Structure formats: C-alpha cells, structure tokens
Amino acid sequence: EASGSASNLLMEDDGSPEHAPIANGLPQSPEQGKTEQEKDNDLDFWMNNDSTSAAKSTEVEIKTPEVNVEYANVSSEEDSQKEKKTKKKKEKKAKKEKKSKKDKKLLRADYEEAEGITTPSKEQVPPSQAETPVAVQLPPMSSYVTLGENNSIKMTCDIRASHQRGDQVIVSVVFSNLTDHTIKDLEFNVMDTMNLKLIRSMGSSHHDAIKVPFILLPSAQNEGQFAFNIQEIKVPQKLKGTLTYIVKMDEGSTHEKIDFKLTFPCSSFLVATPCKGSNFTSLLESGDLTEKSSIQFTPQDSEFPVVLAKVCFYHHFRVVEQVEKSASVYSKSMQGHHICLLVKMVNDSIKIDGKSTDGSLLSNVLDEIKTMLV
C-alpha cells in the first residue's frame, strides 16, 4: 500500500506516470531522472510513512509465524498419532510372537515331559486351543505286599518274572525285626507243587528249608531273594510256607515260626516291555491275537491318570499311546504271550478291551486289574 501511495503521488505531480528514459537499450533507474527537490520530497514521504509501514510489516511478520506454527502443530499431532499407532502395532506383534514362542515351548515340553506316556497325538492340538492340563497327584505305590506278620517279625514280598529265563520267577522278601532283641537262624520253606517249585541248593530235597544268610538286629530289616521254577503261567498259583527263627534274649532264646501263603498272580508273570505304536498296530492287524475279552466297572479313583498309572505299575504294562481318557497299553509274558489292552474311562466307569494269544491268561489278568481298582 505504501508503494501504491508513492506511485499516486508521482502521477499527481506531472499528470502522467513517470517513465524512466532508456539509455543504451537498458531501463534507467527512476532516481536518476529526479531533481534534488523531488528526492527530498520522496525522502520526507518515506520518513513520514516509515512508522506505518513498519507497523504493517511487523503485523505481516507476526501473522506469518502464527500460521506456520499452526501448521507445525497439526503436522506434529499427525506424526504423534502415527507414532502411537506404529508403537501399538509393534507391541501387539511382539506380544503375539512371545505367545507363539511360549505355546511352542509348552508344546515341546508337553511332548517330551514323559516318554512312553505322552504321545505324538498331543502334538496335533495347539496349546492355545487345548485346555490347560491339570496336574494330578499320583498316590504312593509299592509293589511289596504283606506276606506274614506276628509280634516279633514281619514279612513283605514282591514277585517279578525273570528277564533272563522264561521258566523262573524271583520272590524278594523283606524281613523286619519288630523286637528289641536279635533274631537269628531264619529258615524259609514252602510246599512245592507240580507246577511251581522253590529252587534249593544242590543235593537238597523238596522238603528242605533254605537258610537265610543274615541275622536281624533289634528293629532292623533285611531282604532275601528266592527263585522259583514255574511251568504254567496262565492261571494264578499259591504256595503254603513257613518261616522259622530264633529270638535271642538276655534270659535265653526262644524258637518261633510264622506261617504264610505265597500267591503268584498272573500279572507277576508279565514283563513290562516297550512297544512302538507302529509295532502295536501291526500286532493287532496280524491276526495272531485271536483271544478277546472285555470288562467294565466303576473304580475307586475318579482320575483317569491315576487308574492308568496303577494298571501299568501293579500289572507290568507299558503305555503305547494316550489320548485324553483313553490309552493303549502293552505287555508280554515271560513265555512270550502278547497282551494288548485299550483302557477307556466313560463317565465314571472304566472299560477295558483286551486281545491276546492266550484267552485264559488275558481273562485272569483283567480280573486282577478289576480286583485292584474297585
């Protein structure tokens, strides 16, 4: 506006706009054609209007940064929102990757946790979709059962099939002294049958007892092992026996004895043998397992893992595959009989379907399982 006013003033003085003369083909500066008086007038004009121009110029200068600042704030807010969105995406991606790694770790741990119990079928279920397994506390289990007891001595025993011979079982007997006196001269004897005989030292008759090679100090215990020859393993066996001993006291010694019954269940003739899933399937499809049998009952334990653990521990089976409340288990007798079982929990009942090369052995084993679980 200031420059416009000056132009108007120039037009008012001469009546027409001032044109700068051209010299040498170049435009000549207007200042060169002015007189000294005109220059003074122009100088007075610019000096008088300097404050107004300065104010207007300042006003423009103030407005310009305000506009710039405003745009800068908008840009900063947009950048901030973009940064927040990017940060949220990165955090979400990191959490997803962390969860995926955790799931894979849990899956690997779940698969490798217990060899022979957990099977590859579990690997097909992603941990994020599967229910979190609840740990089941297994009860304490011991294969030793009471053989006989009186005021002075207690006997517990465990019966195992020999891994080296198909006609021999080993009976481990723990003798516990219940007195404050020494017990000595222990002699172990049973009445042999046609099918089951105690292995005695060379030259001994089947009526002779076996001397236990140790004494029992007060409140002490020790273990002795006795071998038996057996021919028929398809049915349970029972033997009557007697343990004689001497209790040594300060005032003298007394001769005492304890009678017992030694029971050999069919499960004691089984050997827990590992079996791969492919071999298990081939065995079932081979047609060799011609004998079948099934039982169903309500067990005392409501947890399937507990039931399965007891079947395997007390009856010498190995788990081939387990899927939830169903498991395939396998065992082999000391004489080579195959036994394959499918153990399932349906509601509160246990159903066991079995196949074997011998029907009598299979039926007796299933009856022993039922007796133990109910």
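Q: Two strands (E runs of at least two residues in DSSP, numbered from the N terminus) pair if DSSP finds at least two bridges between them. Which residue in β8 stands opposite Glu187?
A: This is a predicted model: local features need pLDDT of at least 70 and side-chain atom pairs pLDDT 80 or more, while totals for chains, interfaces and linings use all residues. Residues are numbered from 1 along each chain as its sequence is written, and side-chain values use heavy atoms, without hydrogens and water. Strand β6 (residues 182–190) pairs with β8 in the antiparallel sense over two bridges. Opposite Glu187, in β8, stands Lys211.

Q: Which strands stand at the edges of the open sheet that contains β6 and β10?
A: The open sheet is formed by four strands in the order β8-β6-β10-β11, with antiparallel pairing. Each edge strand has a single partner strand, so one side of each is left without a neighbour in the sheet. The edge strands are β8 (210–211) and β11 (252–264).

Q: What is the bridge partner of Val173 in β9?
A: Strand β5 (residues 168–177) and strand β9 (residues 221–230) pair over nine bridges, in the antiparallel sense. In β9, the partner of Val173 is Gly224.

Q: Which residue of β9 stands opposite Leu196?
A: Strand β7 (residues 196–198) also pairs with β9, in the antiparallel sense and over three bridges. Opposite Leu196 stands Ile230.

Q: How far apart are the end C-alpha atoms of helix α5?
A: Helix α5 (residues 304–315; helices are H or I runs of at least four residues) has 12 residues. The expected span is 1.5 Å times one less than the number of residues, which for α5 gives 16 Å. The model agrees with this, since the end C-alpha atoms are apart by 16 Å.

Q: Is α5 largely enclosed by the rest of the structure or left open, and how many of its residues are buried (under 20% relative accessible area, 1.4 Å probe, protein chains only)?
A: The buried residues are Phe304, Val306, Val307, Leu308, Ala309, Lys310, Val311, Cys312 and His315. What covers them (heavy atoms within 4.5 Å) includes β12 (270–271), β14 (318–323), β15 (326–333), β16 (338–346), β17 (349–356) and α6 (359–373). The helix is largely enclosed because the buried count, out of 12 residues, is nine.

Q: What is the phi of the residue that follows α5?
A: The residue that follows α5 is His316. Its phi is positive, near 65°.

Methods: Buried means under 20% relative accessible area, exposed over 50%, partly exposed in between (1.4 Å probe, protein chains only).
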